[in-house]
4 protein chains.
Amino acid sequence: MAVRAAVAGASGYAGGELLRLLLAHPGVEIGALTGHSNAGQRLGSLQPHLLPLAGRVLEPTTAEVLAGHDVVFLALPHGQSAAVAEQLGDDVLVVDMGADFRLRDAGDWEKFYGSPHAGTWPYGLPELPGARAALAGTKRVAVPGCYPTAVSLALFPAYAARLARPDAVIVAATGTSGAGKALKPHLLGSEVMGSMSPYGVGGGHRHTPEMIQNLSAAAGEPVTVSFTPTLAPMSRGILATCSAKAQPGVTAAGVREAYEKAYADEPFVHLLPPGQWPATASVYGSNAVQIQVAYDEAAGRVIAISAIDNLAKGTAGGAVQSMNIALGLPEDTGLTAAGVAP
Amino acid sequence: MAVRAAVAGASGYAGGELLRLLLAHPGVEIGALTGHSNAGQRLGSLQPHLLPLAGRVLEPTTAEVLAGHDVVFLALPHGQSAAVAEQLGDDVLVVDMGADFRLRDAGDWEKFYGSPHAGTWPYGLPELPGARAALAGTKRVAVPGCYPTAVSLALFPAYAARLARPDAVIVAATGTSGAGKALKPHLLGSEVMGSMSPYGVGGGHRHTPEMIQNLSAAAGEPVTVSFTPTLAPMSRGILATCSAKAQPGVTAAGVREAYEKAYADEPFVHLLPPGQWPATASVYGSNAVQIQVAYDEAAGRVIAISAIDNLAKGTAGGAVQSMNIALGLPEDTGLTAAGVAP
Amino acid sequence: MAVRAAVAGASGYAGGELLRLLLAHPGVEIGALTGHSNAGQRLGSLQPHLLPLAGRVLEPTTAEVLAGHDVVFLALPHGQSAAVAEQLGDDVLVVDMGADFRLRDAGDWEKFYGSPHAGTWPYGLPELPGARAALAGTKRVAVPGCYPTAVSLALFPAYAARLARPDAVIVAATGTSGAGKALKPHLLGSEVMGSMSPYGVGGGHRHTPEMIQNLSAAAGEPVTVSFTPTLAPMSRGILATCSAKAQPGVTAAGVREAYEKAYADEPFVHLLPPGQWPATASVYGSNAVQIQVAYDEAAGRVIAISAIDNLAKGTAGGAVQSMNIALGLPEDTGLTAAGVAP
Amino acid sequence: MAVRAAVAGASGYAGGELLRLLLAHPGVEIGALTGHSNAGQRLGSLQPHLLPLAGRVLEPTTAEVLAGHDVVFLALPHGQSAAVAEQLGDDVLVVDMGADFRLRDAGDWEKFYGSPHAGTWPYGLPELPGARAALAGTKRVAVPGCYPTAVSLALFPAYAARLARPDAVIVAATGTSGAGKALKPHLLGSEVMGSMSPYGVGGGHRHTPEMIQNLSAAAGEPVTVSFTPTLAPMSRGILATCSAKAQPGVTAAGVREAYEKAYADEPFVHLLPPGQWPATASVYGSNAVQIQVAYDEAAGRVIAISAIDNLAKGTAGGAVQSMNIALGLPEDTGLTAAGVAP
C-alpha cells in the first residue's frame, strides 16, 4: 500500500524537485501540497514542468492540512521547521530539507543562524559511517545541505583512513538553483550567464560548520575547513574540489585503495576509473555522486573531487533515499543513478 | 517477462538517451549495445552519465550481435538502417530512430538524401490521426524527426479543423544535441554559448518534406512549408513557432476549441491554459509536449507554439512510446511527463 | 573640445552600455550620472564592469543635475522622458533611449502604452531612407527599440524594392538583457538557462507598431506584421527571422541585388556573403548588423535574417551613432564593427 | 606614424582576440595575417566577428610573409615560435603568445613540454616586480599563460609581503575558449553547457611551473603549488581562487594594506572595495583584473581571488600591453578597463 506524503513548501526549487522524484516513486502517493505566499495558486503556474500535478492547488502550511499523512517533507526557510514538526505526531515520518536539525552543536547553530537551536535529528547522508543505522526506523530526518553532501562524500574516506591532515581546503562551484527562487539582482539570468563569481568567502557560509562536523567525526579529531563557494553559469550541479596535506607515508595506491573500499557497496556513489574525472552534467537530475581522487606528490596533497546534482542527491534525492531507509523500503526505490545528459 | 532490447548506435546522443529511458522501463532488459568506430570501448567512457551501464562494452553492429532480441533499436546514420533491418527476422520489432523509413514519397527521399529510397514504415507519432492503429502490433517503426514531431503536433489540429491556409511559416530553435556528437567547429561550446544562429535556411533542411507530409495529410491538401531552424545556446529542447493565415471566419474561441478537442485524451501533450506559454525547460528530459495556440486578429494568423525535448519526445521517448504501443504495453510505461527543471 | 554628456538612468542595462561606449568615445566627456532609487550609490556597486567609473556616485534625476551638458541621454522607463526633456533647453541635444517619441501615430501610442502621446522626434536609425538627413543637426533623437532595429534593417530593402507582399511574419530571439534588470521570477538565471520560451504572442508586443511604421514607410503601403518574440538563454543579442510572400516575378538574384544596393555604403550593416548566416555572437558588444537574405522558391517567400546586439546597436550604440550625426562628428566615432567573440 | 603589425596564427582564438584589440589600437596598422591549414581562406569565414577584416585572406606562415613589419605577434602551437623568431631580424619586436619562452628553467620546460628548451624572453606581465623595466625597449616578449596571469596577480602581493606560507592551493575555473578551437568531444557545446568538470588534476597542467616561477620569485623562496583547473560553462573568463596558510601574526588589516600598496598605481588591476567580489562577467572583453583578498581567521588562511578575461588580459590584452611598453607607447593605448556586461 502506498505511503501518503505531504510536501510543505511545494513552490520552491527543493519542493519542486522532491515532487518530481515522488511522481516517479512507486510506493508514494502525493497528498497535500502547501505554500505560504503562494497558497491558493495552481501548481501548474508555479512549477510548469510538473505537468502531472498542474491542476493541484497549494494549501496553507498548517497542522490541519499536513495531518493524515504518513510522511511530511518540510522544504521551508530555516527556523520554521521546528514549529511545524512539533504539531505533527511522533508516528509521522518528518523529513526536514532545511538546516534546522543538522548541527549537533547549539553554539554553532546560534553563531551561523542567529536563533535558538531546535535540536538534532538523524542525519540523512546514509553513506557516512553509522548513518544508515541511525536512519532505519527513525521518525525524524535532517537532510544534509547540498555542499556538505558533496564535500563530506569527497573527503570522509581520506579522513577515516587517516590519509590527510585535519586542514581541508575546499572550493566548490554551484548552479544557481542552490540560491533558490529569491528575486535578487545577482541571480538574474543576465548577470549569471557567462560569469563565475565567489561569495561567502572567508568562512562565512552557513554550510561550513556542517562540513566540519562531518569531517571531524570521520577524522576522530577537529578538522579545520577553508570553504569558498562560487556561483557557476548553470542551473544545477555542484563540483567540489577538496584537498588536504597528505599524512606522512601516503601513496597514490593507498589513497585509491581507501576510496575503493569506502564506496565498494554504495549504490549511488561511483568512484570513477583512474583518468576519468567527475562532471556535473553526468549526474544531472540523478541521485548519483561521481568521485575521483588523486595524490599530488609534488604538492604533497590528497585531492578529492565530487560532482552531485544539488537539487537531487544534494537535497530532494537525499530526502527520498533517507525516507526509503526510514520506512524500510529498498534504498534506491524511485531513484536513479543515470543522469540526464547531454 | 521482460522484453530484451538491443541498441545499435549506443555511443551517440540518441542512443544514450534511449538507454537512459530503457533503464527506467520496468518491462525491458537491456541486451547488446553496439557501435561502429567505438566498438570495444566501455560505455562508461562514452556515456559517463549512464552509470548503471558504465561497465558495458560496445560490440560491432552485426546481425550476429543483434540476433536473439525481441526489440532492436537502430540509432544509425541515415542510409544504414535498411541493410541492418533486412538481416533481422520479421518477428523482431525494429524501431528505426533514423530517417530511412519516414517518407512516403521516394522522390522526396532521393531529393533530400541523395540515395535510393528504402521504403516506408508505420510512423511513430501516435498523436497523429490514425497513427496508433498503424503502430499496434507492428514489427517495424519509423521514429519521426525531432523538428517534425514538434511542428506536426503544433499545427495538425489547425489543419485537421480547416482553420488555417495551406501555407505554414515555421521558425524553430533547437538545442545543440540535435546536431549530434559530430566534431564541427560551429558546435564547439565556445561558439555556441551566447549565440543564436540559423542554418539550412530557404527550404534545405531534410526535415522539411516530413513536415509537409504530416501537415498535408491533416489538411487533406498540399501544404507549403517555409522552415527556418536556428541553433540555440542550450543542450536540449525545441521551441517551434508555427503560423499560417487563418481561414475566413476563424475566431479565437474556435481555435482554442479545436486544440482542446485534439488533445483532450493525449497523455503527453499538454495544451497550456490561456496565458501560459511553452518553455523548453519545462519538458527537459521528459516525453511531454507543451502547446499553446493564439489567433492574432490584426495579422490574421493562427500561431501555434510547441516545446519538446528533442532527444526525449523528439527521438528516444517517441521510440519507447511507439515500442510500447507495438508491444501492447500501456503507452506511458517507463516514460514521464514531468520535466527536470529548473 | 570634448562634448559633455549626462546620462539619466545610469544604473540600468541601457545606461550601463551607453557609459561603456562613451568611455571609448574620444570626443565625449562623461558628466552627471543620475538614478532614481539608486541615487546616492556608487556606480561601482551597480555596474561593476565599468571600472573606470567605479567611484562615481549617482545623483537624482533633476533638471538641475542635468543642466550644463551638451548632450543628455535619457534611459528612463517609458512615459518619463517628456517631462525631463521639457526642462532641458532647446540648445541641448536630448537623446531618448526610451519609447516615448518613436511613434508617429498618437493612437498607436495610446493603444500600446496607455498614456497620452508626447510627440515624435527624429528617428535614430540612420540606415533607413531619409533618416540621416533628419538627424543631422537635430536637437532631439528618438532611439529605436531593439527589435524594430533588427527587423527594420532585415526587411526594409525588400519592401523598398517592392519584392515582398505587405504581410510580414517575424520570429525573433532576444537575450535576457532586453528585459532589463527588473526582478521577475522568469528572468532568474535558473529559469533562463537551458530554456527557450515565447512571450507577448499574438500582436501584443509594444514594438509591433514601430515595426509596422518603419516597414509601411518603406513599402509605401500598410504592412501587416505578425511578431513573435522569444527569450533565449543568453545575455545579449537579437536574431530576427523575417519573411514575407514574394511578389510575382521575384528571383534569388533580384533579392540579392536589392540588399547589396541598400547596404553598399553602410559602415555598420554587413550583408554576409552567400552561404554565411548571421550569428548573435559575431556582433556581441559591437554596433554591427549582420544580414543575410534568401529566396525560398518552394515556399514562395523572401527570408531575411539579421543579428544585432540588443544593448549596443539595438540601444546604446544606435544612440551614439545618432549623436555623432546630430553633432556633425564622423558617424562611427567611438563605435566598432568588431564583435567580442568567442 | 603607425606601427605595422603582423599576426602569425590569425585563425585561432588568441589570434582573433589580438586582431580585435589591434583594430581598436590607434597606433597600429594591421599587416600580414597568416595561418597554417587555413592559409588561402578569407578571414570572414574563420573569424566572422571581425567584420572590418572580413575580406582579408590568410597567407602561409613564412619568413617572407612576416618580413617588413615593426611587430610580429606569434599565436602558434607551442614549440613553433623559436624557428619563426630566428628568421625575424633583431630589430623587429617579436611578441610570443605561446609558451616557448616563458620558463627560465630548461628542466621544467622539458618535463612539461617534452622538447628542447628554446630560451627565456622578458616576461609580459608588467604588474610583477621588475617586469616593466625588463619590457621597456625589448625586442622580444614572452606573453604569460592565462592561468599564471590570474594566479600570479592574485597571490604575488601576499608572497612579496611575506604574509603567506610557500604552499599555495589554487582552484581555477576557465571558459572554454582557453582550450582553443581544437575539435575534441568534451569541448562540444552539448557537453560543456550545464557542466563543471576538472582536468589536469594533481600537478599535471603545463601552467603549473610558470606559476611556481612567479610566486617563488615574489616569495624569495621556493613555493609549492597545488593547481586544479576546471572547465566552466562559459566562453571566456578565469576565476582563480587562491589561498595559503597565513604566516604568524598576519591580520586582516595587514593583508588588505599589502594589496592596496601593491596595486595602488596599476591601471588595469582593481582591488575591489571590501565586501565586493570579482566576477568574470565584469572583465569580459577587457584588460582589467578584479582582485579581492580575505583573511580567514578560523582556517588560518589568506584567500585571494582574481577574475580576468583569459583571451584579453590573459593573452591578447597582455600582449598589447607589453607591446606598448616595449615600444614606449602609453601602456593603456588601445586597451580598456571596462568590461562588456551584462
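**Exercise 1. State how many salt bridges the rule finds across the interface of chain D and chain A, and describe one of them.**

Solution. Across this interface the rule, which asks for a side-chain nitrogen of Lys or Arg within 4 Å of a carboxyl oxygen of Asp or Glu, finds 2 salt bridges. One of them joins the side chains of D:Asp167 and A:Lys245, with an N to O distance of 3.0 Å. The model is a predicted one, in which local features need pLDDT of at least 70 and side-chain atom pairs count only at pLDDT 80 or more, while totals for chains, interfaces and linings use all residues. Side-chain values use heavy atoms, without hydrogens and water, residues are numbered from 1 along each chain as its sequence is written, and chains are lettered from A in the order in which they are written.

**Exercise 2. Describe the extent of the contact between chain D and chain A, and name the three residues that supply the most area on the side of chain D.**

Solution. Begin with the residues in contact (heavy atoms within 4.5 Å): chain D gives 40 and chain A gives 40. Next, the buried area, meaning the accessible area (1.4 Å probe) that two parts lose on being put together, summed over both, is about 3,100 Å², with 68% of it on carbon and sulfur atoms. Finally, D:Met196, D:Pro198 and D:Val201 supply 17% of what chain D buries against chain A, more than any other three residues.

**Exercise 3. Carry out the salt-bridge analysis for chain C and chain B.**

Solution. The rule again finds 2 salt bridges here. B:Asp167 pairs with C:Lys245, their closest N and O atoms lying 3.0 Å apart.
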